[in-house]
Amino acid sequence: MPDRLRSDVRLLGETLGTILAESGGEDLLADVERLRRAVIGARDGSVTGEQITELVASWPLERAKQVARAFTVYFHLANLAEEHHRIRALRERDDAANPPRESLAAAVRHIREEAGEERLREFVEGMEFHPVLTAHPTEARRRAVSTAILRVGDQLERLRAAHPGSAEEAEARRRLAEEVDLLWRTSQLRYTKLDPLDEVRTALAAFDGTIFRVVPEVYRALDAAIDPEGTGRRPPLARPFVRYGSWIGGDRDGNPFVTHEVTREAIAIQSEHVLRALEAACGRIGRTLTVYTGLTPPSEDLRAALATAQAGHPRLIAEIVKRSPGEPHRQLLLFATERLRATRERDADLAYPGPEAFLADLRTVQQSLAAAGAVRQAYGELQHLIWQAETFGFHLAELEVRQHSAVHARALEELRAGGALSEATEEVLATLRVIAWIQERFGVDACRRYIVSFTRSAEDVAAVYELAERALPSGRAPVLDVVPLFETGADLDASPQVLDGMLKLPGVQRRLEQTGRRMEIMLGYSDSAKDVGPVSATLRLYDAQARLTAWARDNRVELTMFHGRGGSLGRGGGPANRALLAQAPGSVAGRFKVTEQGEVIFARYGQRAIARRHIEQVGHAVLMASTRTVQEKAEAAAERFRGVADRIAVAAHDAYRSLIDTEGFAEWFSRVSPLEELGELRLGSRPSRRSAARGLDDLRAIPWVFAWTQTRVNLPGWYGLGSGLAAAGDPDALHAAYTEWPLFASLLDNAEMSLAKTDRAIAERYLMLGGRPELTERVLAEYDRTRELVLKVTRHHRLLENRTVLSRAVDLRNPYVDALSHLQLRALEALRSAEAGELSEEDRSHLERLLLLTVNGVAAGLQNTG
């Protein structure tokens with residue numbers, strides 16, 4: 001471990017130890033230390049699992065809960081230390097002359113050398129990155145815990161910046177202990193269930209703290225990479241390529257708590273946040289832009305804009321002129337600030353009608369400054385504000401609506417029958433009316449995408465257009481881009497035929513004509529992986545993209561593929577930039593749209609340096625995936641290794657389906673994992689199942705993955721791969737595929753990460769809770785097979801051998817995760833035992849709370865939930 005990281009982990013750990021001793025006495029600290037040493041000993045063989053079980057069982061339940069909380073808080077602090085170390089590393093690697101790997105500057109350099117200046121400009125002009133924030137309940141931490149961790153981080157930075165031995169250092173150390181104490185005393189569990197608007201506000205904390213400020217920094221980095229000497233003194237060469245979307249408050253598929261009222265309120269909350277941010281930025285720049293007419297005379301357009309403002313609002317302009325005499329550029333920006341405030345407060349007399357009018361004022365100021373020779377003022381901070389307004393508008397993120405195709409079918413059936421309408425049908429119609437209102441209030445781009453879950457045919461898309469026509473008076477229907485979502489293996493296979501049918505729909509034809517033949521479809525990773533297994537899903541998704549790319553080319557359609565990837569590996573997660581480079585050749589074409597889910601939002605956008613790095617890495621991958629060399633290499637490898645991949649996919653699929661189709665598997669899974677208790681964590685507003693059915697088919701992918709993660713099995717990330725590799729044979733050919741084919745490398749690397757986070761001995765204890773030894777044996781045999789063959793194919797001597805930073809993080813955490821797993825097993829074994837019905841109300845309550853505390857801690861330790 002690097003010295004500075006080790007120092008931070010030790011400092012935070014010692015501070016927590018002090019707090020534990022103060023709060024619970026030296027005996028609490030001693031118990032925590034006893035368990036810590038035991039789990040470390042178990043890793044080197046000096047302590048047995050039975051000894052740890054006896055230690056954990058010896059504590060009263062109240063003490064067991066305290067120990068679980070201690071390890072959970074430790075993980076929060078260790079994660080914080082690693083995050084700060086990563087930020088330090090990013091700063092140290094920042095070298096304009098030698099751009100770091102996977103940066104925008106590195107992509108610009110490569111494309112310029114390969115394709116020339118003109119082609120580079122075309123790539124930059126056409127690139128798009130469209131992250132969509134979702135409310136999928138995978139963020140186990142309470143917002144209060146997250147903000148407490150941020151405060152600890154602030155004090156850690158302050159302490160490290162202070163001079164050793166100074167009064168400032170002593171005060172920072174005192175404040176650090178105070179914040180760690182507060183983190184320890186903050187409940188790790190939610191007492192009330194989140195509602196959808198809570199989820200909206202939680203996600204927008206990332207916008208307020210990070211995203212709004214980082215986006216123009218990324219554009220500036222791209223602009224500087226294209227022309228480092230001219231940036232800030234000429235019109236920008238980088239156009240705004242990031243567009244945020246959101247499902248939070250719009251995704252109603254299986255969530256009865258997302259209503260049309262919620263959708264309307266969600267966009268209002270988003271607008272409030274972005275207007276406040278724009279108002280603050282415009283006011284800050286306006287107050288500092290103190291250029292006076294003697295050196296920087298205003299243009300005629302700027303004079304005319306001020307004269308128009310004077311005619312309509314003489315008193316306000318007089319006040320502004322009094323505060324800034326002889327500073328017309330400043331005057332117009334301060335007037336724009338007042339108009340933003342009026343827009344936010346719904347003062348129709350002064351408010352902007354939309355972001356275009358605001359941007360027109362900003363460009364008037366910019367052009368006037370440039371014409372007067374003040375180019376640094378024109379293309380510096382003012383350009384950042386223009387980029388922010390272009391990126392976020394007055395709605396911040398496009399709100400997308402999602403609903404299940406079956407809901408639309410039932411609604412249409414009722415409407416066509418002409419009888420009384422059910423509450424569900426009325427809600428569908430009300431939602432479409434709210435979309436129309438949003439477009440009228442904030443513009444069409446604020447809410448025009450309507451995603452249809454489980455799209456099986458073009459009729460599922462046509463249903464939405466018909467419902468929109470029925471919901472509003474003739475000619476008043478909203479503008480809609482209806483996006484089919486293909487989720488299961490069968491749906492992916494049938495997707496080109498569905499698109500053929502869509503081309504015949506009048507609503508789709510109209511939109512193609514209006515957008516220059518642009519269309520969007522969505523690919524679901526979570527349900528496809530749960531349906532056919534991780535290996536088969538990965539290859540089917542790749543094949544589907546290849547077929548859809550060919551379909552788009554044949555039909556002269558500019559197709560954007562929206563990737564519904566989860567945060568965890570079992571739901572298509574992993575590093576977005578590596579996944580992007582592994583896509584089928586031609587499928588990216590300079591555009592990448594992807595979901596940013598739950599815990600991923602704060603992992604990627606919680607800190608400005610990390611957020612910037614994430615956006616740059618994706619931007620780099622978008623550009624590189626569209627280059628000739630990357631596409632040709634991937635195409636050649638796919639053709640060469642396709643036969644091998646097919647053999648792997650068939651065997652992996654058969655192994656996976658054979659397991660989950662075993663009679664009684666769903667009941668066994670519920671017994672060996674905390675699946676049924678996860679709902680008590682109150683992670684989000686959405687139920688874990690689409691209906692009251694208890695089978696696997698109705699279980700959402702998130703709790704499926706989350707529960708397997710808790711058991712330390714991580715089955716959705718690797719199961720079936722071992723059988724697939726065994727069926728393929730020829731380790732040399734498999735190794736060649738690993739080194740030459742990005743898709744296969746990504747598949748094995750992700751499986752390797754899942755295997756590294758798996759603990760076989762602890763997993764076996766969980767699996768044995770189900771009373772089905774034959775299933776336990778089958779799962780463990782597949783684990784052993786997969787681990788052995790992944791190492792053989794990659795030619796690694798140990799898991800994650802080639803990924804030092806990740807390996808270190810996993811190795812650092814695993815023993816401490818073990819401690820929480822042993823505590824969780826104590827609770828789970830008691831709740832699953834034959835004597836569970838005889839537990840007292842108090843003991844059951846303590847056991848359930850211990851279980852939930854450990855679930856929270858394991859999620860923090862593994863940095864994965866669902």
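Okay, the second largest pocket: in this predicted model its volume comes out at about 1,000 Å³. Fifty is the number to keep in mind for the lining, as in 50 residues. Which of them lie nearest the centre of the pocket? Those are Arg 243, Glu 398, Asp 445, Arg 448 and Arg 449.

If you're wondering which elements give two or more residues to that lining, here's the list. On the strand side we have β1 (128-134), β6, β7 and β9 (591-597). On the helix side there's α14 (355-371), α16 (381-392), α18 (423-442) and α21 (506-515). And for those of you already thinking about chemistry, the lining splits by class into 23 nonpolar, 10 polar and 17 charged residues.

Right, those strands belong to a sheet, so to speak of the sheet itself. We're looking at an open sheet of nine strands, paired parallel, and reading across you get β3-β2-β1-β9-β8-β7-β6-β5-β4. At the edges sit β3 (398-399) and β4 (401-404), each with pairing on one side only. Packed on the sheet is helix α17, residues 405-417, which touches β4 and β5 (449-453). The direction of α17 makes about 75° with that of β4.

Now let me walk through a few of the neighbours. Take β7, which covers residues 518-524. Is that strand mostly buried or exposed? Six of its seven residues are buried, so β7 is largely enclosed by the rest of the structure. For a residue to count as buried here, its relative accessible area has to be under 20%.

On one side, β7 pairs with β6 (residues 481-486), parallel, over two bridges, and there you'll find Leu 485 opposite Met 522 of β7. β7 also pairs with β8 (residues 558-564), again in the parallel sense, and that pairing has seven bridges. In that pairing, Met 519 stands opposite Leu 559 in β8.

Keep going and β8 is joined to β9 by two bridges, with the two strands running parallel. The pair to click on there is His 563, opposite Val 594 in β9.

Last stop, Ala 589. You'll find Ala 589 in the loop between α24 (576-581) and β9. Ala 589 is partly exposed, with a relative accessible area of 40%. One distance to go with that: Ala 589 and Met 561 are 28 residues apart in sequence, and C-alpha to C-alpha they're 10.0 Å apart in space.

Terms used: Residues numbered from 1 in each chain as written. Predicted model: local features only at pLDDT ≥ 70, side-chain atom pairs only at ≥ 80, totals over all residues. Heavy atoms only, no water. Buried < 20%, exposed > 50% of the residue type's maximum accessible area, 1.4 Å probe, protein only. Helix = DSSP H or I, 4+ residues; strand = E, 2+ residues; numbered from the N terminus. Pairing = 2+ DSSP bridges. 1 Å grid on protein atoms, 1.4 Å probe; cavity = no way out; pocket = protein on both sides within 12 Å on 5 of 7 lines; lining within 4 Å. Points joined across faces, edges and corners; volume = space filled by probe spheres on them. Nonpolar A, V, L, I, M, F, W, Y, C, P; charged D, E, K, R; others polar. Contact = heavy atoms within 4.5 Å. Axes fitted to C-alpha atoms, helices over the stretch in contact; angles between N-to-C directions.
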